[in-house]
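The following exercises invite the student to read a protein model step by step. Each task is followed by a worked solution.

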Amino acid sequence: MKSFAALFTALDQTTSTTAKVAALTGYFQTAPDSDKLWCIALFTGRRPKRVITTTLLRAWAAQAAQIPLWLFEEAYPIVGDLAETIALILPPATQTSDHSLTHWIEALRTLSRADDDTRKAGILSAWDQLDSTERFLFTKLLTGGFRIGISARLMTRALGQATGIAPETLTHRLMGNWTPATTTFQTLIADTGDDAARPYPFALAHPLDTLDDLGAPSGWATDWTAEWKWDGIRGQLILRGGTHYLWSRGEDLLTDRFPELGQLRDFLPQGTVIDGEILAYRNDQPLPFSALQTRITRKSPSRKLLADTPVILMAYDLLEHQGRDIRALPFAARRALLETLPASPALQISPQLPLHDWASLHQIHATASDNKAEGLMLKRRDSPYATGRKRGDWWKWKRAPLTIDAVMIYAQQGHGRRATLFSDFTFAVWDGETLVPFTKAYSGLTDAEMAQITAWVGKNTLQRFGPVRQVSPVHVFEIAFEGIGSSPRHKSGIALRFPRIARWRHDKSAAGANTLDDLRALLAIYG
């Protein structure tokens, strides 16, 4: 654990990519294989499940620190992180330990099956053997909230330097439905070729604010293709070994959540891997993303849900054909093979759009909302299917976000470096003479603006609800969002997709903010 804590400290104390890679490389060169395996798992989102509720953890930490619980609860919002708060308030350890990262994770797994008294004794014993940083990491693992600001790509780059294996190769080998309980470090990085469920790393597009940013490339109409950017869940369908697997871009296995795609086993040949978009789809057109959301969290959807919200896979690339990896082929060749696949009610091929000149493409882009799309995808015909985001080959040109002017009515302190600032806000619109809350937003303001708001909140708090402050309804903010849907769970009856603060409307009074009817009008058009 000490070497992993040293790695965390090295990563946390630098913003240099070179230094982060060097620290990770050194760890992969010296740590035991079992610890390397868990390090990879943690950095790719395969963290242990939560062992204990935060309510019990806070009570036990306050007891161990010999402080009243109310004092702990007052300190927690100021520090902004539960594990950090616990690491700070606990008394110095009376013991030392040289146990490995793997040892402590196995201890967590044992505690997860124990009663509360045994869990408490085990957790207090662990805290009394670990230094402050180790306690912080152990508590993060306890709560199932282990996250460090290191990308899987950077981690894979370091692993490549330590093992001599190309990062692109490792990226593929690290994908799939593995856990530290089902494999070993050596098996994981070796090319065993026996994982039928393993997906390919997804190719990603660079955002494009305006088509003019590309200039005017020669051979535009012959060298590029255009298609809709669909508003669903990016998915990879794999047919191997007589069965099928469906993966999200975030490496979640979604096979059981969308059982209607299982019929593709009857239409498509084995040895086929398709990249596409999972869409809620009815009457030959996509349904709003809010409809698809009703399916995302259901591991075993009911018959009614399957009937009310059917889905399809909108395919736009072919990665494996007749059991052969074809990612190195030009996009045009992969697309031609994709179009030879047998037709199926659960599979559609994303149509390619006419590409004549700049003006016509602008006109097509302007109709994205009418076609239930987020915008356009632009791809070079000669581009291979790259790992990650390769600049220049694929571009995503999204339509302009929707916006609404809203009044801030609640403010809450942030976490981490924003723990002393009010950075999380609730916004409302007018319904007659009443302000109705409809969304929260956490990003979009500068540090200077958050400092200004924080000072204002301190002087204009109407009521306190724990860490939340009700404030005078004075300030108006423009809220940008990507989508809108109906929601019975919200008082306004409306839910936004990806809301964020676009700007602080100093030029507008609260009376000039938008209304609930304005939101309903947007819902009628875009929902």
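**Exercise 1: The surroundings of D231**

D231 touches E277, L279, F289, E374 and R497, leaving aside residues up to four places away in sequence; a contact here means heavy atoms within 4.5 Å. The model is a predicted one, in which local features need pLDDT of at least 70 and side-chain atom pairs count only at pLDDT 80 or more, while totals for chains, interfaces and linings use all residues. Residues are numbered from 1 along each chain as its sequence is written, and side-chain values use heavy atoms, with hydrogens and water left out.

Task: State where D231 lies in the chain, and whether D231 is buried or exposed.

Solution. Step 1: D231 is part of the loop between strand 3 (224–230) and strand 4 (233–240). Strands (E, at least two residues) and helices (H or I, at least four) are DSSP runs, numbered from the N terminus. Step 2: The terms are buried for under 20% relative accessible area, exposed for over 50%, and partly exposed in between (1.4 Å probe, protein chains only). Step 3: D231 has a relative accessible area of 16%, and therefore counts as buried.

**Exercise 2: The loop after strand 6**

Task: Determine which sign of phi N283 has and which sign D284 has, and classify the accessibility of N283 and of D284.

Solution. Step 1: N283 is located in the loop between strand 6 (272–282) and strand 7 (285–286), and D284 also has its place in the loop between strand 6 and strand 7. Step 2: N283 is not a glycine, yet its phi is positive, at about 55 degrees. D284, likewise not a glycine, has a positive phi of about 65 degrees. Step 3: N283 counts as exposed because its relative accessibility is 67%. D284 counts as exposed because its relative accessibility is 68%.

**Exercise 3: An open sheet**

Task: Give the strand order of the four-stranded open sheet and name its edge strands.

Solution. Step 1: The order is 2-13-11-3, with mixed pairing. Step 2: Strand 2 (206–207) and strand 3 are the edges, since each pairs on one side only. Two strands pair if DSSP finds at least two bridges between them. Step 3: Strand 3 pairs with strand 11 (residues 373–380) in the antiparallel sense, over seven bridges. Within strand 11, M377 stands opposite E227.

**Exercise 4: Strand 18 and its partners**

Task: Identify the strands that pair with strand 18 and describe its two faces.

Solution. Step 1: Strand 14 (residues 402–413) pairs with strand 18 in the antiparallel sense over three bridges, and A411 stands opposite R469 of strand 18. Step 2: Strand 17 (residues 461–465) is also antiparallel to strand 18, over four bridges; F465 has V468 in strand 18 as its bridge partner. Step 3: Strands 17 and 18 form a hairpin with two residues between them, and G466 in the turn has a positive phi of about 65 degrees. Step 4: In a regular strand the side chains alternate between the two faces of the sheet. In strand 18 (residues 468–471), R469 and V471 make up the covered face, whereas V468 and Q470 make up the uncovered one.

**Exercise 5: The whole protein**

Task: State how many helices and strands the protein has, and what share of its residues is buried.

Solution. Step 1: There are 19 helices and 22 strands. Step 2: Of the 527 residues, 49% count as buried. Step 3: The C-alpha trace spans about 70 × 65 × 50 Å along its principal axes.
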